[in-house]
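User: Got a minute to go through this one with me? I'd like the overall picture and then a few local details.
Analyst: Sure, let's put it up.

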Amino acid sequence: MEQKKEAINTVEEEVEIKQTAIKSILTAEEQASMTPDEIIGRLKKGNENFVSNNLTQRDHSKQRRIAAIGQYPKAIVLSCVDSRVPVEDVFDLGIGDIFVARVAGNIENRDIVGSMEFATAVAGSKLVIVMGHTQCGAVKHAIDNTDAKSMNMIALGDLLSEIRPSVDMTERIGEVSSKNEAFTNNVINNNALKTVEDIKLQSPKLKELDDNGTIKIVAAVYDMATGRVNFL
């Protein structure tokens, strides 16, 4: 009898969730009406939901069908490829809310910058976030000067060389080693900040949009231990 009651309660809870789940996606009007600062505020609130394990219920099936008609994301996030950083979940977002570009060490390249130009100048997004994260393996290998090319990983060696300037620009606090957590975290911060500046150097259009306030290009770091995103 108790099992039957529990089953009924479970079904009722599932029905309630489906009824209250968000079915809509971001519209062109909503995208156009938001400022970059407002979007940052919404993402911070979404991150609080993630940290408190209170993610918004969404009807992904319905959202998917609506999104097939068009998309109006509010931001593009450049994140590391690390599987422990689920970008949409971190900000409590769903289908059609943001563009996401991923590459180890969250560095920029021409293809990613081109994608950012599309996301903002073409598709209307108001915010570009370069999001690093603690415990970043790519940054650690750059700090430790891992010789990937000697292991026949030529492309990885080139990628690590893109991160090493952030190591060089970081103030020496103790040993220059990935085992030095304080130094490593400072490199991670500097790497995200440097990528923001490199994006502006690579793209006159993105710099123009940032300079006139149409968009913002900002750096942030996701804390693996707490789940919090700290905007730098």
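**Strand 4 and its surroundings**

Analyst: Let me begin with strand 4: six of its seven residues are buried, so it is largely enclosed by the rest of the structure. Keep in mind that this is a predicted model.

User: Which strand does strand 4 pair with in the parallel sense?
Analyst: That would be strand 3, residues 127-133, with seven bridges between the two. One of the pairs puts valine 128 opposite isoleucine 217 of strand 4 as its bridge partner.

User: And how many bridges are there between strand 4 and strand 5?
Analyst: Three, and the pairing there is antiparallel. Strand 5 covers residues 229-231, and its asparagine 230 is the bridge partner of valine 221.

User: What about the hairpin of strand 4 and strand 5, which residue takes a positive phi there?
Analyst: Glycine 227, with phi near 85 degrees. The hairpin has six residues between the strands.

User: OK, zooming out. How many helices and strands does the chain have?
Analyst: The secondary structure comes to 10 helices and five strands. The chain has 232 residues, and 43% of them count as buried.

User: What share of the contacts comes from residues 24 or more positions apart?
Analyst: 72%, taken over the contacts with a separation of 6 or more.

User: And how much area does the chain expose?
Analyst: About 12,400 Å², with carbon and sulfur atoms supplying 51% of it.

User: Let's move to helix 10. Which of its residues are buried?
Analyst: Helix 10 runs over residues 204-211, and Leu206, Leu209 and Asp210 are buried in it. They sit on the same side of helix 10, because they cover an arc of only 100 degrees around the axis.

User: What's covering the buried residues of helix 10?
Analyst: The cover includes helix 6 (110-122), helix 9 (181-202) and strand 4 (216-222). So strand 4, itself largely enclosed, turns up again as part of the cover for helix 10.

User: Which exposed residues are on the face turned away from that buried side?
Analyst: Pro204 and Asp211. Past the end, helix 10 is followed by glycine 213, whose phi is positive, near 85 degrees.

User: Any salt bridge in helix 10 worth a look?
Analyst: Try glutamate 208 and lysine 205, whose side chains meet at 3.7 Å, N to O. The two are three residues apart in helix 10, which means a separation of about one helical turn. Both ends are partly exposed: glutamate 208 has 42% relative accessibility, and lysine 205 has 36%. There's also a network, with Glu197, Lys200 and Asp210 joined by salt bridges that share partners. Asp210 is one of the buried residues of helix 10.

User: How many salt bridges does the count come to?
Analyst: 11. Among them is the one between glutamate 38 and arginine 42, at 3.0 Å, N to O.

User: Where do glutamate 38 and arginine 42 lie?
Analyst: Both are in helix 3 (residues 36-51), four residues apart, about one turn of the helix. Glutamate 38 is partly exposed at 32% relative accessible area, and arginine 42 is partly exposed too, at 42%.

User: And arginine 84, which residue does its side chain meet in a salt bridge?
Analyst: Aspartate 82, at 2.7 Å, N to O. The two ends fall in separate classes here: arginine 84 is partly exposed at 46% relative accessibility, whereas aspartate 82, at 12%, counts as buried. The call on aspartate 82 follows because buried means under 20%.

User: Switching to the surface. Which residues make the nonpolar patch of about 260 Å²?
Analyst: Met151, Met153 and Leu156. Methionine 151 lies in the loop between helix 7 (137-143) and helix 8 (154-168), and methionine 151 is partly exposed, with a relative accessible area of 47%.

User: Last one: where does serine 61 lie?
Analyst: In helix 4, residues 60-67. Serine 61 is partly exposed, at 30% relative accessible area. The C-alpha atoms of serine 61 and isoleucine 95 are separated by 9.7 Å, with the two residues 34 apart along the chain.

Key
Residues are numbered from 1 along each chain as its sequence is written. This is a predicted model: local features need pLDDT of at least 70, side-chain atom pairs count only at pLDDT 80 or more; totals for chains, interfaces and linings use all residues. Side-chain values use heavy atoms; hydrogens and water are left out. Buried means under 20% relative accessible area, exposed over 50%, partly exposed in between (1.4 Å probe, protein chains only). The arc is that of the directions from the helix axis to the C-beta atoms. Contact means heavy atoms within 4.5 Å. Patches are made of residues with over 30% relative accessible area and no salt bridge: like charges are joined within 9 Å, nonpolar side chains (Val, Leu, Ile, Met, Phe, Trp, Tyr) within 5 Å. Accessible areas come from the Shrake-Rupley method with a 1.4 Å probe; for residues, only the protein chains shown count as cover. A salt bridge is a side-chain nitrogen of Lys or Arg within 4 Å of a carboxyl oxygen of Asp or Glu. Two strands pair if DSSP finds at least two bridges between them.
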